[in-house]
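Visitor: I have a model open and would like to learn how to read its features. Where do we start?

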Amino acid sequence: MTTRRAALGGMAAALGALAAPFPALAKSRRIAPRLRQGDTVALVAPASAASEREIANSEFTLRGMGLVPRTGANAGAKSGYLAGTDAQRAADINAAFADETVKAIFAVRGGWGGARLLPLLDWEMIRRNPKLFVGYSDNTALHLAIAQKAGFPTLHSPNAASPWPRSSWESLWRLAFAGATPVLGGADEEPELAQGPQGRTIREGTAKGRLLGGNLTVLSTLMGTPWVPDFDGAILFLEDVNEAEYRIDRMLQQLQLAGVLGRVSGVVFGRCRSCASDEPDYAGFTLDEVLDQHLAPLGIPAFVGSNIGHHRGQLALPHGAKVEIDAGARTIRLLEPIVA
């Protein structure tokens, strides 16, 4: 633990020199404030119950980033498999957005339960108080809803209790602290993690659009609800874990039938860890075949194996911001800062 904190602190000091003045931003664009060393940030548990160890590790990690964690009043609560009742979890998120001294909001973990909070959040208040919401997996529900109801970018990145190796921390620093517009992926990843065994291009080309998506399972369950943003011209990014090929097939088909795949300008699929049938006599489609069947006919730039998702070293991604992808190089380039 000491090494982990020291590494984060050391990188914070080294990367501090990279922070640069922000380019001029249109007054009409609503974005969160940048993070600075010493800022107070909220730590919340929007989904599954968080253990004392997970909360302690999260607080330790945030301090290692140079931030001051303020743990939500209900973060340690439990109600069945959830981190307290829906009302308790929603209250912590509403309180964090309303508190002017809180500069960003980190989720301890994912799991299940974030979608249950969406009708309980004060969306008008959240819209007036843009802040970076940081997390992934089940927290996809909150990323999508914020994009739809509040309209400001958030950070799809490791949860606070997740491991934070160099690639994860540096990408978060560039986006949230330095306000940079980096190229993510490709050579920007750690050598042992870059693109991975699944890394391949389905269709070459470049495309621009608003980066939207996250966990495929969560996104598919929200289809047909008012919490899903407009995907017209978007860059869709997807990731998942522990899903057999036929379930990936079913969820992609749902996105196709809902009209999402036909409206986006590009697709990025992350590393789907353990996304293969465990049946000994399985003779169906491979994951690559399923992805090709759904994505190749779209005729748009698409690639697989991006450093996104349920594995160590995933990148922080600017959910809801304008980006450009290069499917041949398998990169995502931010076109605008996500913080002011």
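Guide: With a helix pair. This is a predicted model. Two packed helices are described by the angle between their axes and the distance between the axes. Here helix α8 (residues 245–257) packs with helix α9 (residues 287–295) at an angle of about 15°. Their axes are 9 Å apart.

Visitor: How is the direction of α8 relative to α9 described?

Guide: Angles under 35 degrees count as roughly parallel, so α8 is roughly parallel to α9. The crossing of the two helices is right-handed.

Visitor: Which residues of α8 and α9 make the contact?

Guide: From α8 come Glu245, Ile248, Asp249, Leu252 and Gln253. From α9 come Leu287, Val290, Leu291 and His294. By class, the contact has five nonpolar, two polar and two charged residues.

Visitor: Now the sheets. What is the order of strands in the open sheet of six?

Guide: Read across the sheet, strand by strand. The order is β2-β1-β3-β4-β5-β12, and the pairing is mixed. At the edges are β2 (68–71) and β12 (317–319), each pairing on one side only. From one strand to the next, the twist averages 30°.

Visitor: How many bridges join β4 to β5, and in which sense do the strands run?

Guide: Look at direction and register together. Strand β4 (residues 132–135) and strand β5 (residues 154–156) run parallel, joined by two bridges. For the register, Gly135 stands opposite His156 in β5.

Visitor: Which strands does helix α5 lie across?

Guide: Helix α5 (residues 140–149) lies across β4, β5 and β12. Relative to β5, α5 runs at about 150°.

Visitor: Let us move to β8. Is strand β8 mostly covered or mostly open?

Guide: Count its buried residues. Strand β8 (residues 206–215) is mostly covered, with seven of its ten residues buried. Then take its partners in turn. Five bridges join β8 to β13, and the two run antiparallel. In that pairing, Lys208 has Glu324 of β13 as its bridge partner.

Visitor: In which sense does β8 pair with β9?

Guide: In the parallel sense, over five bridges, with strand β9 covering residues 235–239. One register point is Gly213, whose bridge partner in β9 is Phe237.

Visitor: And how does β13 pair with β14?

Guide: Strand β13 (residues 322–326) pairs with β14 in the antiparallel sense, over four bridges. Glu324 turns up again: its bridge partner in β14 is Arg333. The hairpin of β13 and β14 has four residues between the strands. In this hairpin, Arg330 takes a positive phi near 60°.

Visitor: Which strand pairs with β14 over three bridges?

Guide: Strand β6 (residues 183–185) pairs with β14 (residues 331–334) over three bridges, in the antiparallel sense. To fix the register, take Leu184, whose bridge partner in β14 is Ile332.

Visitor: One loop residue to finish. Where is Asn74 found?

Guide: Asn74 is found in the loop between β2 and α3 (86–98).

Visitor: Why is Asn74 classed as buried?

Guide: Check the cut-off first. Buried means under 20% relative accessible area. Asn74 has a relative accessible area of 18%, so Asn74 is buried.

Visitor: What does Asn74 touch, not counting residues up to four places away in sequence?

Guide: Asn74 touches Ala83, Gln88, Ala91 and Asp92.

Definitions and conventions:
Residues numbered from 1 in each chain as written. Predicted model: local features only at pLDDT ≥ 70, side-chain atom pairs only at ≥ 80, totals over all residues. Heavy atoms only, no water. Pairing = 2+ DSSP bridges. Axes fitted to C-alpha atoms, helices over the stretch in contact; angles between N-to-C directions. Contact = heavy atoms within 4.5 Å. Parallel < 35°, antiparallel > 145°, perpendicular 65-115°, else oblique. Left-handed = near helix turned anticlockwise from the far one by under 90°. Nonpolar A, V, L, I, M, F, W, Y, C, P; charged D, E, K, R; others polar. Buried < 20%, exposed > 50% of the residue type's maximum accessible area, 1.4 Å probe, protein only.
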